[in-house]
Amino acid sequence: MRIAVLVSGSGSNLQALLDANLSGEVVGVISNRSDAYALQRAANANIATCVIKHSAYPERTTFDAALHQQLLEWQVDLVILAGFMRILSASFVQQWEGKMLNIHPSLLPKYKGMHTHQRALDAGDRTHGCTVHFVTAELDAGQALAQGVLNIQPNDTAQTLADRVHTIEHHIYPMVVEWLCSGQMTYQDGFITYHQAPFSEPEILYFNS
Ligand code: GRF
């Protein structure tokens with residue numbers, strides 16, 4: 001599998017993918033920001049990079065077309081969103097249906113969108129975590145594949161939760177990417193299999209820290 005990773009920021013999840021012993025190959029990294037540290041991480045690993053600035057495209061669809069073009073050029077099989085802070089158009093998402101993953105810092109379907117750690121604290125939740133899911137046109141709503149769960153401690157803040165969730169992300173994202181790279185998980189016409197059986201519920205991993 002030829003993998004492209006789309007980023008906007010630090011790229012610690014990109015790093016986790018690069019450090020993992022994947023059976024696929026990260027062939028390119030696309031950022032919508034030229035100052036994303038993730039680009040440096042890619043360069044350090046001798047991986048091709050491309051900056052496609054959203055500000056250069058007045059329409060979302062033309063920005064997405066530029067992304068799509070680059071992905072085709074790299075002959076990508078799998079698109080990994082790793083802190084990519086742009087909403088993608090429905091037509092772009094459809095073209096990559098079943099081939100595009102995202103990681104979101106909450107236990108979806110709870111807390112789609114932003115400020116997930118504070119929202120979990122404000123709600124008095126006992127647990128929190130992150131979700132790897134297929135990307136669909138509706139934000140943070142595609143089939144969840146795996147979730148990493150932690151217990152919220154009395155002294156947790158949004159920052160401590162963000163740090164702990166990040167560490168969990170670095171475990172579960174490469175794990176799910178490898179399921180697809182190795183063929184343990186397949187997607188066809190909206191139908192997902194895992195170890196040749198129909199897949200319905202996300203795998204839940206508990207991290208007691
Ligand atoms: C992660 O928290 C991820 O859940 C969210 O964006 C953040 C990316 O962090 N989608 P990094 O750039 O991989 O460090």
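Me: Let's say two strands pair if DSSP finds at least two bridges between them. What makes β8 and β9 a pair by that rule?

Reply: This is a predicted model, by the way. In it, four bridges join β8 to β9 (residues 191-194), and the rule asks for at least two, so they count as paired. The two strands run antiparallel. One of the bridges sets Gln-188 against Phe-191 in β9.

Me: Why are β8 and β10 called edge strands?

Reply: Each of them pairs on one side only. The order in this open, three-stranded sheet is β8-β9-β10, with antiparallel pairing.

Me: What is odd about the phi of Asp-189?

Reply: The phi of Asp-189 is positive, about 50°, and the residue is not a glycine. Most residues other than glycine have a negative phi. Asp-189 sits in the loop between β8 and β9. His-195, in the loop between β9 and β10, also has a positive phi, near 50°.

Me: Why is Asp-189 called exposed, and what is His-195 called?

Reply: The cut-off for exposed is over 50% relative accessible area. Asp-189 comes in at 75%, so exposed it is. His-195 has 46%, which lies between the 20% and 50% limits, so the label is partly exposed.

Me: On to the other sheet. What is the strand order there, and which strands are its edges?

Reply: Eight strands form an open sheet in the order β3-β2-β1-β4-β5-β6-β7-β11, and the pairing is mixed. Its edge strands are β3 (48-51) and β11 (203-207), each pairing on one side only. On average, and ignoring direction, neighbouring strands are turned by 20° against each other.

Me: How do you know the pairing is mixed?

Reply: Look at β5. Its three bridges with β4 (residues 78-81) are parallel, and Val-79 stands opposite Met-100 there. With β6, β5 pairs in the antiparallel sense over four bridges, and Asn-102 faces His-133. At the other end of the order, β1 (residues 2-7) and β2 (residues 25-31) pair in the parallel sense over six bridges, with Arg-2 bridged to Glu-25.

Me: What makes β5 count as enclosed?

Reply: Five of its five residues are buried, so β5 is largely enclosed by the rest of the structure. Met-100, Asn-102 and His-104 point one way, Leu-101 and Ile-103 the other way, and all are buried.

Me: Which elements form a β-α-β unit with β5, and of what hand?

Reply: β4, helix α4 (residues 90-95) and β5 make that unit, and it is right-handed. The label applies because, with the strands pointing away from the viewer, the path from the first strand over the helix to the second runs clockwise.

Me: How do you know that the buried residues of α2 line one face?

Reply: In α2 (residues 37-44), the buried ones are Ala-38, Leu-39, Arg-41 and Ala-42. Seen down the helix axis, they fall within an arc of 160°, so they line one face. A helix has 3.6 residues a turn, so residues three or four places apart point the same way. These buried residues pack against β1, α1, β2 and β3. Just past the helix, Asn-46 takes a positive phi of about 60°.

Me: Why is the contact between Lys-112 and Glu-138 called a salt bridge?

Reply: The cut-off is a side-chain nitrogen within 4 Å of a carboxyl oxygen. Here N to O is 3.9 Å, so the pair qualifies. Lys-112 sits in the loop between β5 and α5 and Glu-138 in the loop between β6 and β7, so the 26-residue separation links distant parts of the chain. Lys-112 is partly exposed at 31%, while Glu-138 is exposed at 52%.

Me: How many salt bridges are there, and which others can you name?

Reply: The whole structure has four. Among them, Arg-33 and Asp-35 have their closest N and O atoms 2.9 Å apart, and Asp-156 meets Arg-164 at 2.5 Å. Arg-33 is partly exposed at 40% and Asp-35 exposed at 53%, whereas Asp-156 and Arg-164 are both buried.

Me: Last one: what makes the peptide bond from Leu-108 to Pro-109 stand out?

Reply: That bond is cis, with omega near 15°. Most peptide bonds are trans. Pro-109 is found in the loop between β5 and α5.

Technical notes. Residues are numbered from 1 along each chain as its sequence is written. This is a predicted model: local features need pLDDT of at least 70, side-chain atom pairs count only at pLDDT 80 or more; totals for chains, interfaces and linings use all residues. Side-chain values use heavy atoms; hydrogens and water are left out. Buried means under 20% relative accessible area, exposed over 50%, partly exposed in between (1.4 Å probe, protein chains only). Axes are lines fitted to C-alpha atoms, for helices over the stretch in contact, and angles run from 0 to 180 degrees between N-to-C directions. The arc is that of the directions from the helix axis to the C-beta atoms. Contact means heavy atoms within 4.5 Å.
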